[in-house]
Amino acid sequence: MTIRVLHVASELYPLLKTGGLADVTAALPAALIEQGADARLLLPGFASIAQGLADLHPVARLERTFGAPQASLELGRVPGSDLPVYMIRADAFYSRPGNPYLDAEHVPYGDNAQRFALLGWAAAQLVQHADPAWAPQIVQAHDWHAGLVPAYLRAAARERGLPHGRSLARTVFTVHNLAYQGIFPAQQFANLGLPSDFFDMHGVEFYGQLSFLKAGLYYADKITTVSPTYAREIQTVAQGGGLEALLRGRSHDLVGILNGVDYTVWNPATDGSIAMHYSAGHMSGKLRCKTALQARLKLAQKHDAPVFGVVSRLTEQKGLDLLLGALPEIVSRGGQLVVLGTGDASLEQGFTRAARQHPDAVAVELGFDETLAHAIVAGSDVIAVPSRFEPCGLTQLYALAYGALPLVHRVGGLADTVVDASLENLADGLATGFVFERFEPDALTAAIRRAFALYARSHDWRDTRTHAMQQDFGWAASAQRYLALYRELL
Ligand code: ADP
Ligand code: GLC
């Protein structure tokens with residue numbers, strides 16, 4: 001039986017991306033199709049999405065608009081792929097330049113509750129045959145933006161008088177990051193058109209406010225998150241963001257499925273954004289990529305200086321304040337640091353200051369630059385991901401593929417994907433990077449020293465790098481796990 005599944009999200013690589021979510025929504029439905037599923041995607045019609053999709057044509061008018069003058073569903077596809085994508089056309093809501101969630105002052109738009117309620121409600125309409133030609137049996141909603149999907153479906157089932165437990169479609173809610181909860185003042189609940197008893201501790205209410213994330217966690221049939229370790233961590237007070245009790249209560253419905261890598265986008269043997277191609281068997285191109293990176297960023301042209309790279313959102317989550325503190329350790333030992341990122345002003349300023357102090361050894365590019373991201377991963381010897389918490393993390397997976405050994409804090413998906421270069425792991429040929437346990441300066445410093453020590457043993461370095469590059473984090477395995485989950489639900 002072919003399973004019809006609709007993915008609901010707010011980002012899609014390469015059309016609109018603020019982080020790893022976009023990489024996932026581009027690759028997972030495609031991987032599901034490859035495994036025989038009938039997968040489609042639903043997105044808000046943000047300007048770059050509306051401009052980027054091919055063959056867009058109208059499917060249905062949406063009766064409820066949540067305050068937008070009009071709203072409709074269109075169907076198109078991602079250029080160069082066969083993935084069908086539904087798009088909500090509501091220009092008053094979505095056709096705004098820049099970030100999909102924040103205005104030019106980096107403040108969340110005042111009508112975000114309505115903008116993303118429309119997304120959830122439109123998904124429920126697709127289940128109820130808004131498109132006469134296709135309706136999903138499974139809806140997988142990603143992050144708080146799509147958190148109301150299961151709530152609207154539950155409400156619709158009740159309206160139709162379906163017995164408790166029966167539903168119009170089965171739902172999966174996927175947590176990519178529990179730190180973003182989609183919280184709004186309680187008064188906004190009246191704008192959602194949900195039954196009034198849904199505003200309850202057993203529902204969408206969260207400490208007196210309205211939470212889209214909680215709606216997803218509460219009403220979905222299954223909850224997934226993007227690594228097995230994060231699935232455990234979010235059930236603890238320390239990392240549950242106030243939702244740990246709910247998550248513990250649903251632990252039988254909660255599963256961690258690791259993200260994958262789209263090796264058609266991230267492969268040093270074919271990557272069009274890097275100075276020279278290379279692969280585990282032919283590594284000379286990597287040195288060319290390193291030299292090119294040093295030249296581009298005006299660093300000292302030193303073959304033997306280990307280059308530490310960072311490609312990241314500059315937020316509290318990513319732990320880069322700790323790395324900034326450890327910078328003298330890298331520089332004094334003759335290493336170099338390259339940072340590409342954008343975000344918190346204090347981190348932007350901190351790294352910029354460091355680059356000014358050590359122009360030969362530290363380079364910083366503020367902004368979002370997909371091509372430079374590839375060049376950094378290819379040209380670096382080490383990619384640092386010292387996150388405080390990390391649901392999955394994709395950067396360390398890309399780093400493995402490019403033979404840039406990941407240096408990571410042992411949390412979330414980082415713990416599940418990188419094996420520390422301890423003596424015993426080296427001896428057993430298992431090591432793929434550097435892992436530190438405690439989020440403390442001395443623990444990070446020790447990992448950096450371990451990286452320098454291994455770098456000095458070039459034979460061991462090369463072996464570890466080869467092993468890292470041979471890791472297979474392709475999407476096929478993850479897609480199979482999602483399919484098994486869908487089958488269980490059906
Ligand atoms: P998160 O989703 O929390 O930001 P991930 O590691 O899952 O973390 O995914 C980050 C994605 O965003 C990767 O594809 C990474 O290459 C990309 N990325 C992050 N910052 C930048 C940037 N400044 N420029 C280009 N790409 C970036
Ligand atoms: C979130 C997480 C990141 C994860 C990504 C894709 O942005 O912060 O760890 O890899 O989503 O699932």
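This report describes selected residues and contacts in the structure shown above, which is a predicted model.

**A buried glutamate in a loop**

The residue E11 is placed in the loop that runs between strand β1 (4–8) and helix α1 (20–34). E11 is buried and yet has no salt bridge, since the nearest side chain of opposite charge, that of K17, is 8.0 Å away. Because a salt bridge requires the charged atoms to lie within 4 Å, the pair of E11 and K17, at 8.0 Å, does not qualify. What the side chain of E11 does make is a polar contact with the side chain of Y101, at 2.6 Å, and a polar atom of the E11 side chain also lies 3.5 Å from the backbone nitrogen of G19. When the neighbours within four places in sequence are left aside, the residues in contact with E11 include L16, K17, T18, L21 and L43, as well as Y101.

The loop between β1 and α1 also holds P14, and a cis peptide bond, with omega of about 0 degrees, joins Y13 to P14. Most peptide bonds are trans, and most residues other than glycine have a negative phi.

**Two residues with a positive phi**

Two residues that are not glycines are listed here with a positive phi, and their surroundings can be read from the table.

| Residue | Phi | Place | Relative accessibility |
|---|---|---|---|
| F66 | about 60 degrees | loop between β3 (54–61) and β4 (72–77) | 9%, buried |
| H106 | about 65 degrees | loop between α3 (91–94) and α4 | 63%, exposed |

Which of these counts as buried, and which as exposed? F66 counts as buried because its relative accessibility is 9%, whereas H106, at 63%, counts as exposed.

**Aromatic rings**

The structure holds 21 aromatic pairs. One of them is formed by Y86 and W134, whose rings are 6.1 Å apart from centre to centre with 35 degrees between their planes, an arrangement that is described as tilted. This pair links distant parts of the chain, for Y86 belongs to strand β5 (residues 84–89) and W134 to the loop between α4 (112–127) and β6 (138–142), with the two positions 48 residues apart. Both partners are buried: Y86 has a relative accessible area of 0%, and W134 has one of 6%.

The rings of F206 and Y207 have centres 4.9 Å apart and planes at 70 degrees, and the pair is therefore edge-to-face. The two partners are set in contrasting surroundings, since F206 counts as buried at 9% relative accessibility, while Y207 counts as exposed at 69%.

Beyond these pairs, F46, F93, Y94, Y101, F116, W144, F184 and F212 form one aromatic cluster; one of its members, Y101, also makes the polar contact with E11 described above. A charged residue meets a ring elsewhere, where R96 lies over the face of Y109, at 4.6 Å from the ring centre.

**Helices α6 and α8**

Why is helix α6 (residues 212–219) described as largely enclosed by the rest of the structure? The reason is that 7 of its 8 residues are buried, and among them are F212, L213, K214 and Y219. At the start of α6, a side-chain oxygen of S211 reaches to within 3.4 Å of the backbone nitrogen of L213.

In helix α8 (residues 244–249) the residue E244 has its place, and E244 counts as buried because its relative accessibility is 13%. The side chain of E244 reaches the backbone nitrogen of G242 at 3.0 Å, and, leaving aside neighbours within four places in sequence, E244 is in contact with I234, Q235, T236 and V237. The C-alpha atoms of E244 and G36, which are 208 residues apart along the chain, are separated by 35 Å.

**A histidine in strand β6**

Finally, H142 is placed in strand β6 and is buried, with a relative accessible area of 1%. The side chain of H142 is joined to that of H7 by a polar contact of 2.9 Å. Not counting residues up to four places away in sequence, H142 touches H7, V8, A9, L21, L28, F173, T174 and H176.

Technical notes
Residues numbered from 1 in each chain as written. Chains lettered and ligands numbered in written order. Predicted model: local features only at pLDDT ≥ 70, side-chain atom pairs only at ≥ 80, totals over all residues. Heavy atoms only, no water. Helix = DSSP H or I, 4+ residues; strand = E, 2+ residues; numbered from the N terminus. Buried < 20%, exposed > 50% of the residue type's maximum accessible area, 1.4 Å probe, protein only. Lys, Arg positive; Asp, Glu negative; His and termini not counted. Polar contact = N/O pair within 3.5 Å; in protein donor to acceptor, adjacent residues only side chain to side chain. Contact = heavy atoms within 4.5 Å. Phe/Tyr/Trp six-rings, centres within 6.5 Å; stacked < 30°, edge-to-face > 60°. Lys NZ or Arg CZ within 6 Å of the ring centre and 35° of its normal.
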